[in-house]
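A learner would like to know how to read features of a structural model. A teacher takes the questions in turn.

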Amino acid sequence: ASPILGALSDRFGRRRIILSATAGSAIDYTIMANAPTLGWLFVARMISGATAGILATANAYVVDVTPPEKRAGAFGMINAAFGLGIMLGPPLGGLLGHINIHLPFWFAAACSAMNWIWGFLVLPESLPPTQRRPVAWKRANPIGALLALRRFPAVFGLTMAYFMVYLSQTMMQSIWALYTQERYHWSVLQVGLSLMVAGGLMALLQATLVKHIVPRLGDTRAFIWGCWVWVLAFAAYGLASAGWMIYATMVFGTMAGIATPALQAYVTKHVPATEQGAVQGVFSGLGSLSYIPGPLIATWSFGWAVADSRRVHLPGIAFFEAGLAVLIGMVLALRSFRRDRGMALPSLEATEPATTA
């Protein structure tokens, strides 16, 4: 849904699409709170998946209202919000679910409804009518939107790099609980606390340091530097022989969080203002697509590596695979960056209207 919502936001404006998606989220959680059968639960999940594509439009909104040199910091703030959600969501959901199994979904529906009200009353439109363009339906799907990026060589070459980086993240997320319980015998509470600490560290980095580090290093150097930190962190996670080492790795591994905002900022500078929604939709869709192979690869590898039939157990194998995925993504990105040297778009950026948040 991300490319579709992104393309629609280029045509009808960001505000309408954001409000429509937040309303859809409220409906989704209301259905989940009352789902009488598993079928209804899947209906709600389909609505949730479609409305989750709103992240592309939110990123496009950031581009509309933020000058190019400050976009990495703005994307960092969005990622910081996710970090806070990861930190607060699981324990809050567990607490509410302990009181009543339906209560977490009702609370989520209320949050979405409040989000819609806030957006309706406060959120202004960011895309003026003069910068809107008709919806090209052949591009308003994942494949068509991806092929359309060939018009922007600097961006098209980064699509696979972006996918590989996100693939590594989905592998880590899907294996985290299994790995820590198998290797360190962590309880469910300890797993939840580790995720809470990780979310807090990510939020702190994204909200405070990204806006300072990325402008100093530049988008390309910040992305490469962040990828190297990821590779080292994944290796450390896979080799950690004691649970406390996981927390030590988190402290420096969180610095890898500068990579994604830097890449997002780089992409926005190579796309005209009239197509930011569509392009953001492609990249958001690629991130979601990584959730299909990532968990399958990580959990299968983990199960193979810790099987009783194995003479040598290697429970950290999924982290090593995730590090390899980042390395592949970094190499692909370097190729694109080198091709793009001397192909900057000053004329395109000069034609973008000055906007303020």
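The dialogue below goes through burial, polar contacts, helix packing, cysteines and distances.

Q: What kind of model is this?
A: This is a predicted model.

Q: How is burial read, and is Arg14 buried or exposed?
A: Burial is judged from relative accessible area, and a residue under 20% counts as buried. Arg14 has 0% relative accessibility, so Arg14 is buried. Arg14 lies in helix α2, which covers residues 14-34.

Q: Which residues does Arg14 touch beyond its neighbours within four places in sequence?
A: Among them are Gly6 and Ser9, then Thr57, Ala60, Tyr61 and Asp64, and further along Glu125, Ser126 and Leu127. Ala273, Gln276 and Gly277 are also in contact with Arg14.

Q: Which side chain makes a polar contact with the side chain of Ser9?
A: A polar contact is a pair of N or O atoms within 3.5 Å. Here the side chain of Arg14 pairs with that of Ser9 at 2.9 Å. The side chain of Arg14 also has a polar contact with the side chain of Asp10, at 2.7 Å.

Q: Where is Asp10, and is Asp10 buried or exposed?
A: Asp10 belongs to helix α1, residues 2-12. Its relative accessibility is 0%, and therefore Asp10 counts as buried. Setting aside neighbours within four places in sequence, the contacts of Asp10 include Leu127, Arg132 and Arg133, as well as Thr274, Glu275 and Gln276.

Q: How is the packing of two helices described?
A: Two numbers serve: the angle between the helix axes and the distance between those axes. For α9 (residues 159-184) and α13 (residues 243-253), the angle is about 140° and the axes are 10 Å apart. That angle makes α9 oblique to α13, because only angles over 145 degrees count as roughly antiparallel.

Q: Which residues of α9 and α13 meet?
A: From α9 come Trp176, Tyr179 and Tyr184; from α13 come Gly243, Ile246 and Met250. By class, this contact has 5 nonpolar residues, 1 polar residue and no charged residues.

Q: How many disulfides are there?
A: The test is a pair of cysteine sulfur atoms within 2.5 Å. The count comes to 0 disulfides. As for accessibility, Cys111 is partly exposed at 37%, whereas Cys227 is buried at 0%.

Q: How far apart in space are Ala81 and Thr30?
A: Separation can be given in sequence or in space. Ala81 and Thr30 are 51 residues apart in sequence and 23 Å apart in space, C-alpha to C-alpha. Ala81 sits in helix α5, residues 71-99, and is partly exposed with a relative accessible area of 48%.

Conventions
Residues numbered from 1 in each chain as written. Predicted model: local features only at pLDDT ≥ 70, side-chain atom pairs only at ≥ 80, totals over all residues. Heavy atoms only, no water. Helix = DSSP H or I, 4+ residues; strand = E, 2+ residues; numbered from the N terminus. Buried < 20%, exposed > 50% of the residue type's maximum accessible area, 1.4 Å probe, protein only. Polar contact = N/O pair within 3.5 Å; in protein donor to acceptor, adjacent residues only side chain to side chain. Contact = heavy atoms within 4.5 Å. Axes fitted to C-alpha atoms, helices over the stretch in contact; angles between N-to-C directions. Parallel < 35°, antiparallel > 145°, perpendicular 65-115°, else oblique. Nonpolar A, V, L, I, M, F, W, Y, C, P; charged D, E, K, R; others polar.
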